[in-house]
Amino acid sequence: MERITSPELAQAFIDEQIAAVRKQVGDKKVLLALSGGVDSSVVAALLIKAIGDQLVCVHVNHGLLRKGEPEQVIRVFKEELGANLIYVDAVDRFLGKLAGVADPETKRKIIGKEFIDVFAEEASKLEGIKFLGQGTIYPDILESKDGIKAHHNVGGLPEGLDFELVEPIKLLYKDEVRVVGKALGLPDNMVYRQPFPGPGLGVRCTGAITRDRLEAVREADAIFREEIDKIDPTPWQYFVAIPDVKSTGIKDGKRYMGWAAVIRAVQTKDAVTAKSVEIPWTTLCTIRDRIIAEVPGINRVLWDFSDKPVATIEWE
Ligand code: XMP
């Protein structure tokens with residue numbers, strides 16, 4: 001198959017997939033979990049073009065999304081593209097289940113299971129759904145086949161959900177998905193979005209998640225991204241983590257125990273190895289000053305400039 005490298009090739013692919021999806025789906029309905037990530041967003045935009053109202057998108061807010069993400073999903077898909085979108089505010093439910101849980105794998109399991117439960121509950125409220133749309137892409141299939149990782153999009157539907165799959169981008173590589181996303185009219189900050197783990201900010205709020213520290217991660221991360229976005233070219237991935245540690249600071253002449261916001265920006269091809277990216281001193285100072293002044297609970301900013309290996313990209 002020819003690689004999709006231009007708007008013309010993307011349009012040809014879109015036309016071909018619209019016809020294929022219409023043929024597969026007929027007059028039945030398709031359900032899609034729309035996270036706001038590149039892959040599910042491109043599938044949603046494609047399916048809206050192909051089958052319009054027969055697509056039902058479900059966006060689950062698990063409370064671990066970055067600042068502005070749920071709002072953007074609603075704005076782009078519901079308001080601009082006219083999607084049939086169900087927004088589920090499951091923040092209390094997820095954070096309740098995660099309260100007091102410090103072990104990273106247990107946190108992941110809780111988030112994964114809860115996600116499937118919420119999604120299945122929403123699906124059971126709907127009538128006449130026969131298909132499940134998925135943003136599976138080619139590397140997901142390759143990695144699953146090689147046994148590298150059991151990708152969440154491959155190898156099984158949530159139990160009890162008896163759907164046939166609609167996977168229109170399953171033969172595409174990530175760069176092709178982006179070209180198709182552009183051609184479908186999705187905004188650049190969705191199409192060129194940096195990778196973001198499924199368990200979201202949960203892996204960056206290490207140890208047991210508390211609402212105040214989670215809010216601090218979200219706010220500090222938004223400031224950091226805003227400042228790093230001014231650098232050209234932007235790094236492959238850049239984010240803030242806040243470990244569950246407090247240290248002494250001083251405020252109004254008194255001891256002020258606060259968290260340390262850890263900033264991290266890396267460059268990589270495949271995330272297997274990664275190099276820390278140089279950040280200019282003036283940018284670092286702006287980031288430090290803004291995070292400390294604007295984010296309650298933080299009294300230090302640390303720069304993690306470790307390479308992978310030995311450090312992983314995430315702090316989890
Ligand atoms: P590490 O921390 O292992 O991360 O160096 C490598 C890359 O994988 C991303 N990551 C995930 N991506 N689901 C994803 O889709 C996940 O559960 C997940 N966990 C980590 C991480 O952000 C980095 O880019």
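This report describes charged residues, their pairings and a ligand site in a predicted model.

## A buried lysine in helix α5

Helix α5 spans residues 104-125, and K107 is one of the residues placed in it. K107 is buried and yet has no salt bridge, for the nearest side chain of opposite charge, that of E316, is 7.1 Å away. A salt bridge requires a side-chain nitrogen of Lys or Arg within 4 Å of a carboxyl oxygen of Asp or Glu, and the 7.1 Å that lie between K107 and E316 therefore do not meet that limit.

The side chain of K107 does have a polar partner of another kind, since it reaches the backbone oxygen of C205 at 3.0 Å. When neighbours within four places in sequence are left aside, the residues in contact with K107 are L98, V101 and A102, together with G202, C205, T206, G207 and I209. C205 thus appears both as the residue whose backbone oxygen is reached by the K107 side chain and as a member of this list of contacts.

## The surroundings of the ligand

The ligand has around it the residues R108, P197, G198, P199, W236, Q237, A271, K308, T312, I313 and E314. Among them, Q237 places a polar side-chain atom 2.7 Å from an oxygen atom of the ligand, while I313 has a polar backbone atom 2.8 Å from an oxygen atom of the ligand. G198 also takes part through its backbone, where a polar atom lies 3.3 Å from a nitrogen atom of the ligand. On its own the ligand has 510 Å² of accessible area, of which the protein covers 70%.

## Salt bridges across the chain and within it

Side chains of opposite charge can pair when their charged atoms come close. The structure holds 27 salt bridges, and one of them joins the side chains of E176 and R3, with 3.2 Å from N to O. This pair links distant parts of the chain, as E176 belongs to helix α7 (residues 174-183) and R3 to the segment before α1 (7-25), with their positions 173 residues apart. E176 counts as buried because its relative accessibility is 2%, whereas R3, with a relative accessible area of 39%, is partly exposed.

D27 and K28 also form a salt bridge, in which the closest N and O atoms are 3.5 Å apart. D27 counts as exposed at 63% relative accessibility, and K28 is partly exposed with a relative accessible area of 37%.

## A pair in helix α5 and a wider network

Which residue forms a salt bridge with E122? The partner is K125, and the closest N and O atoms of the two residues are 3.0 Å apart. Both E122 and K125 lie in helix α5, where they are three residues apart, or about one turn of the helix. E122 counts as buried at 11% relative accessibility, while K125 is exposed, having a relative accessible area of 60%. Elsewhere, salt bridges that share partners join E226, E227, K230, R290 and E294 into one network.

R290, one of the members of this network, is placed in helix α10, which covers residues 281-294. R290 is buried, because its relative accessible area of 18% falls under the 20% limit that is used for this word. Apart from neighbours within four places in sequence, R290 is in contact with I223, E226, E227 and V295, and of these E226 and E227 are also named in the network.

Note on methods
Residues are numbered from 1 along each chain as its sequence is written. This is a predicted model: local features need pLDDT of at least 70, side-chain atom pairs count only at pLDDT 80 or more; totals for chains, interfaces and linings use all residues. Side-chain values use heavy atoms; hydrogens and water are left out. Helices (H or I, at least four residues) and strands (E, at least two) are DSSP runs, numbered from the N terminus. Buried means under 20% relative accessible area, exposed over 50%, partly exposed in between (1.4 Å probe, protein chains only). Lys and Arg count as positive and Asp and Glu as negative; His and the chain ends are not counted. A polar contact is a pair of N or O atoms within 3.5 Å; within protein, one must be able to donate a hydrogen and the other to accept it, and residues adjacent in sequence count only if both atoms are side-chain atoms. Contact means heavy atoms within 4.5 Å. A residue is near a molecule or strand if one of its heavy atoms lies within 4 Å of it. Accessible areas come from the Shrake-Rupley method with a 1.4 Å probe; for residues, only the protein chains shown count as cover.
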